[in-house]
Amino acid sequence: MAEVKIQAEARTEFGKGAARRIRRDNKVPAVLYGHGSDPVHISLPGHDTMLALKTANALLMIEVEGGESHLALPKQVQRDPIKGFIEHVDLVIVRRGEKVQVEVAVHLEGEAVSDALVVTEHASVLVEAEATHIPESITVSIEGLEIGAQIHASDLALPTGSTLAIEPDTLIVNVTAQPTAEQVEGELADAEAEAGIERDESAAAEPVAAAAE
């Protein structure tokens, strides 16, 4: 994964008011930490940060004013729940050659047999990889899989240098038969019953009686 260079500014003001002022300037408050060092509070350019974090596990070279540089991975990204813009970023410092554990997305490729329902039990898997060679995704072929087929973590083809950090028998993909209309209706009725919702069967029949008249 290529490094993305981002110019950062040191941050000396803290609190909600300071964070709002930073965001008004189209910047993102952030903190760098790791390897026993004191946290480094910075602000990042909003547009560049948004573009960089579109890639999961983006490897960032944070160049802080004054000449200090840090290689880092996003640890936690806080977004506005309504507008979606980035409110704050926690970055963990990494070193070249260092092994890290990260969640990597599982990408399904191909199509199972007709009438099969493909259920992704885990949309990502935890892997251990060198910090500068984190895979962007793991591709899983479901082409022609029959009903009853299963793909476990141990079946995944990981890139060279990456290893599983979860139990090998973890179920990733499960291929089942598509439910019938009767099964769907039964599950819906059960869910409504558990929620205390009562169906008004007479109301459903009224339009038919009216039409007959």
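Q: Leu 108 stands opposite Val 140 in β10, so to speak face to face, but what makes β7 and β10 a pair?
A: Two strands count as paired if DSSP finds at least two bridges between them. Strand β7 (residues 99–109) and β10 pair in the parallel sense over 5 bridges, so they pass that test.

Q: What kind of model is this, and which atoms and residues count?
A: It's a predicted model, where local features need pLDDT of at least 70 and side-chain atom pairs count only at pLDDT 80 or more, while totals for chains, interfaces and linings use all residues. Residues are numbered from 1 along each chain as its sequence is written, and side-chain values use heavy atoms, with hydrogens and water left out.

Q: Why are β10 and β12 called edge strands?
A: The open sheet has 4 strands in the order β10-β7-β9-β12, with mixed pairing. β10 (137–141) and β12 (163–164) each have a single partner strand, so one side of each is left without a neighbour in the sheet.

Q: What makes α1 a helix, and which of its residues are buried?
A: A helix is a DSSP run of H or I with at least four residues (a strand is a run of E with at least two), numbered from the N terminus. Helix α1 covers residues 16–24, and its Ala 18, Ala 19 and Ile 22 are buried, that is, under 20% relative accessible area (exposed is over 50%, partly exposed lies in between; 1.4 Å probe, protein chains only).

Q: How do you know where those buried residues sit around the axis of α1?
A: They cover an arc of only 100° around the axis, so they lie on the same side of α1; the arc is taken from the directions from the helix axis to the C-beta atoms. The face turned away from that buried side carries the exposed residues Lys 16 and Arg 24. On the buried side, the residues pack against β2 (27–34) and β3 (37–45), where contact means heavy atoms within 4.5 Å. After α1 comes Asn 26, with a positive phi near 60°.

Q: Why is β4 described as largely enclosed?
A: Of the 6 residues of strand β4 (residues 59–64), 5 are buried, so the rest of the structure largely encloses it. β4 also pairs with strand β1 (residues 3–10) in the parallel sense over 6 bridges, with Glu 3 opposite Leu 59. Its pairing with β5 is antiparallel, over 5 bridges, and there Met 61 has Leu 71 as its bridge partner. In the hairpin of β4 and β5, with 3 residues between the strands, Gly 66 takes a positive phi near 105°.

Q: What makes something a pocket rather than a cavity?
A: On a 1 Å grid over the protein atoms alone, a cavity is a set of points where a 1.4 Å probe fits but cannot get out, while a pocket is an open set with protein on both sides within 12 Å along at least five of seven lines. Lining residues have an atom within 4 Å of a point. The largest pocket has a volume of about 350 Å³. Of its 18 lining residues, the closest to the centre are Asn 57, Leu 73, Pro 74, Lys 75 and Val 102.

Q: Which helix gives the largest share of the lining of the second largest pocket?
A: α2 does, with 3 residues. This pocket has a volume of about 200 Å³, and Arg 23, Asn 26 and Met 50 are among the residues lining it.

Notes
Grid points are joined across faces, edges and corners, and a volume is the space filled by probe spheres set on the points.
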